[in-house]
Amino acid sequence: SQLVKKHLIDTFAIPETSIDVVYECAVATLKEPSNKRDKTPFVIGGSGTVHWRKGTDLFIQVALQLRALYPDYDVRFEWLGYISKKEQMIIDADIRKAGLQNIVSFTPQSDNPEKIFNQFDIFLMTSREDPFPLVCIEIGQLGKPIICFDGATGTQEVIADCGTVVPYLDTCAMAQAIASYIKDPEFYLLHSHNAVKTFSRFTPDIICPQLYRLLDA
């Protein structure tokens, strides 16, 4: 991503002319992505190994903010990804102490993650740093708008019309961004439709030839 390129230039003084940016690629195999907005609850998804870098603690904080700001909203926060026993104890304690047992859940890794991703309405990317994660490509191809932090991920470079970028670590702004999709179904469906178009550009048949041309130069 351009974010990684900037880091290489600023931190390691690598000449800009020595760097080419080629985005990651992935393929969502589900043939019928779900973007129905006539169902409840509204599901806010997250994914990845439960770890500080992925911002799983921030995921819980956003849930707390959303409940405080919009207590009447019927929402669920669902995280999919590997979690160690130690992290499980910490996460469970946070959820219990915050009174979010009926709102937030963490599910271990799955053999069929796309089926779970397809039940999400939007994807909340709480990563503190993430170059251009594959999960966002898969989520985008399923028509899920993405919310992320400014300056934290290269994903923000491509979601101008299919997601929302909020100030870094501003969990309140993330909660408000979620609410904007719940309040305005047309806005949600527009970003959902745009996500499919945007992330269809990041498939192996399009990205791999770009890599080949660079390697063969």
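**Close-up views of a predicted model**

**View 1. Arg128 and its surroundings.** Arg128 is buried, its relative accessible area being 12%. The model is a predicted one. Arg128 counts as buried because 12% falls under the 20% limit for that class. In the chain, Arg128 sits in the loop that lies between β4 and α5. Apart from neighbours within four places in sequence, the contacts of Arg128 are Trp52, Arg53, Gly55, Asp57, Leu58, Ala152, Tyr168 and Leu169. Two of these contacts, Arg53 and Ala152, also appear with Arg128 in the lining of the largest pocket.

**View 2. The largest pocket.** The volume of the largest pocket is about 220 Å³. Its lining is made up of Leu3, Val4, His7, Arg53, Arg128, Glu129, Asp130, Pro131, Gly151 and Ala152. By class, 4 of the lining residues are nonpolar, 2 are polar and 4 are charged. Arg53, Arg128, Glu129 and Asp130 belong to this lining and fall in the charged class. His7 and Gly151, also in the lining, are classed as polar.

**View 3. The largest cavity.** With a threshold of 30 Å³ or more, the model has 1 cavity. The space in the largest cavity is about 70 Å³. A set of 13 residues lines the largest cavity, and those nearest its centre are Ser47, Phe123, Met125, Ser127 and Asp130. Asp130 is also a lining residue of the largest pocket. At least two lining residues of the largest cavity come from each of β1, β4 and α5. Strand β4 gives the largest share of this lining, with 3 residues. The lining of the largest cavity comprises 7 nonpolar, 4 polar and 2 charged residues.

**View 4. Strand β5 and its pairing with β4 and β6.** Strand β5 spans residues 146-149 and is covered on both faces. On one side Ile146 and Cys148 are buried, and on the other side Ile147 and Phe149 are buried. Strand β4, residues 122-125, pairs with β5 in the parallel sense through 3 bridges. Within this pairing, Leu124 has Ile147 of β5 as its bridge partner. Between β4 and β5 the chain passes through helix α5, residues 134-141, in a right-handed β-α-β crossover. Strand β6, residues 163-166, runs parallel to β5 and is joined to it by 4 bridges. Here Cys148 is placed opposite Val165 of β6.

**View 5. Strands β1, β2 and β3.** Strand β1 (residues 42-47) and strand β2 (residues 75-80) run parallel and are joined by 6 bridges. Ile44 stands opposite Phe77 of β2. The connection from β1 to β2 goes through helix α2 (residues 56-69), and this β-α-β crossover is right-handed. Strand β2 also pairs in the parallel sense with strand β3 (residues 104-107), over 4 bridges. Val104 of β3 is the bridge partner of Phe77. Phe77 thus has a partner in this pairing and also stands opposite Ile44. Helix α3 (residues 85-97) lies between β2 and β3 in a β-α-β unit that is right-handed.

Note on methods
Residues numbered from 1 in each chain as written. Predicted model: local features only at pLDDT ≥ 70, side-chain atom pairs only at ≥ 80, totals over all residues. Heavy atoms only, no water. 1 Å grid on protein atoms, 1.4 Å probe; cavity = no way out; pocket = protein on both sides within 12 Å on 5 of 7 lines; lining within 4 Å. Points joined across faces, edges and corners; volume = space filled by probe spheres on them. Buried < 20%, exposed > 50% of the residue type's maximum accessible area, 1.4 Å probe, protein only. Pairing = 2+ DSSP bridges. Right-handed = clockwise from strand over helix to strand, strands pointing away. Contact = heavy atoms within 4.5 Å.
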